[in-house]
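This report describes selected backbone features and the ligand site of one protein model. Please consult the sequence and the structure shown below while reading.

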Amino acid sequence: MSGAARKIRLIMELRRSGVGDTRVLSAIERVPREMFVPAPFVDQAYENTALPIGQGQTVSQPLVVGLMSQALEVGERMKVLEIGTGSGYQAVVLARLCRRLYTIERHRSLLAEAEERFRALGVNNITSIAGDGSRGWPEQAPFDRILVTAAADRMPKTLFDQLAEGGIMVLPLGAPGSDQEVQRIRKRDGHPVVERLFPVRFVPLVCGNLPE
Ligand code: SAH
């Protein structure tokens, strides 16, 4: 099967599995996932599976990218923060949906590779830094939307504080290795309104100093 045919098959699968938002589907369709995975996995780039990207991390399963992007209800004028750049794949999908995407990664080597991909693709509305994303990005706050792509035990309050009134944060919650669930948290009158969405498995959100 050709790359294009595999991509169409994947998009149909996402649609069947609950990704109905056409803006999200077309953003996914326009991002070449094969550029975000190491050479041995290029053949599997359009399979609906998570794939290793080095440093013990993974690029998320396309269905999870689709469902989380959809749950975030991103508008084209919005300022969005992503925690956990990883390969940069989810960042590029979000960047196609919003005005400016800010993204934070704790592994400098992964960040450098992701930034190289942003350049190669000519995506110029992403601002990225190495850091502990659980602290957010106070200089750029508030954000209309926040997406966390690593699992925490509880919602990091610092991130909620950096969400604009009426804003939405989508994040996986739960202990590492155990079942986790994606939750959508809306900020209404300064308070969190929580919806539980679907089960997932993410690598843990690691707080504190960056690795060497
Ligand atoms: N969104 C990524 C997949 C994320 S995997 C993609 O599309 O490829 C989760 C990422 O979160 C990993 O790269 C991990 O290093 C990073 N991470 C974990 N804890 C973090 C923290 N506190 N701050 C920033 N990044 C973190």
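## Backbone features in two loops

E73 is placed in the loop that runs between α3 (62-71) and β3 (79-83). The structure is a predicted model, and in it E73 adopts a positive phi of about 50 degrees although this residue is not a glycine.

A further backbone feature concerns P142, which belongs to the loop between β5 (126-130) and β6 (143-148). The peptide bond leading from A141 to P142 is cis, and its omega is near 5 degrees.

## The hairpin of β1 and β2

Strand β1, covering residues 51-54, pairs with strand β2, covering residues 57-59. The pairing is antiparallel and extends over three bridges. In one of the bridges, P52 has T58 of β2 as its partner.

Two residues lie between the strands of this hairpin. Within the hairpin, Q55 takes a positive phi near 60 degrees.

## The shell around the ligand

The ligand occupies the largest pocket of the model. Elements contributing two or more residues to the shell around the ligand are β2, α4 (89-95) and β4 (100-105). Of the elements, β2 gives the most, with three residues; this is the strand that pairs with β1 in the hairpin.

In total, 26 residues surround the ligand. The closest of them are S87, E105, D132, G133 and V206. By residue class, the shell consists of nine nonpolar, 13 polar and four charged residues.

## Polar contacts and burial of the ligand

Which residue places a polar backbone atom 2.7 Å from a nitrogen atom of the ligand? That residue is V206, which is also listed among the closest residues of the shell. A side-chain contact involves T149: an N or O atom of its side chain is 3.1 Å from a nitrogen atom of the ligand. An oxygen atom of the ligand, in turn, lies 3.0 Å from a backbone N or O atom of Q90.

Taken alone, the ligand exposes 590 Å², and the protein buries 99% of that area.

Notes. Residues numbered from 1 in each chain as written. Predicted model: local features only at pLDDT ≥ 70, side-chain atom pairs only at ≥ 80, totals over all residues. Heavy atoms only, no water. Pairing = 2+ DSSP bridges. Helix = DSSP H or I, 4+ residues; strand = E, 2+ residues; numbered from the N terminus. Near = heavy atom within 4 Å. Polar contact = N/O pair within 3.5 Å; in protein donor to acceptor, adjacent residues only side chain to side chain. Areas by Shrake-Rupley, 256 points an atom, 1.4 Å probe, with all protein chains shown as cover. 1 Å grid on protein atoms, 1.4 Å probe; cavity = no way out; pocket = protein on both sides within 12 Å on 5 of 7 lines; lining within 4 Å. Sits in = over half its atoms within 2 Å of the grid points. Nonpolar A, V, L, I, M, F, W, Y, C, P; charged D, E, K, R; others polar.
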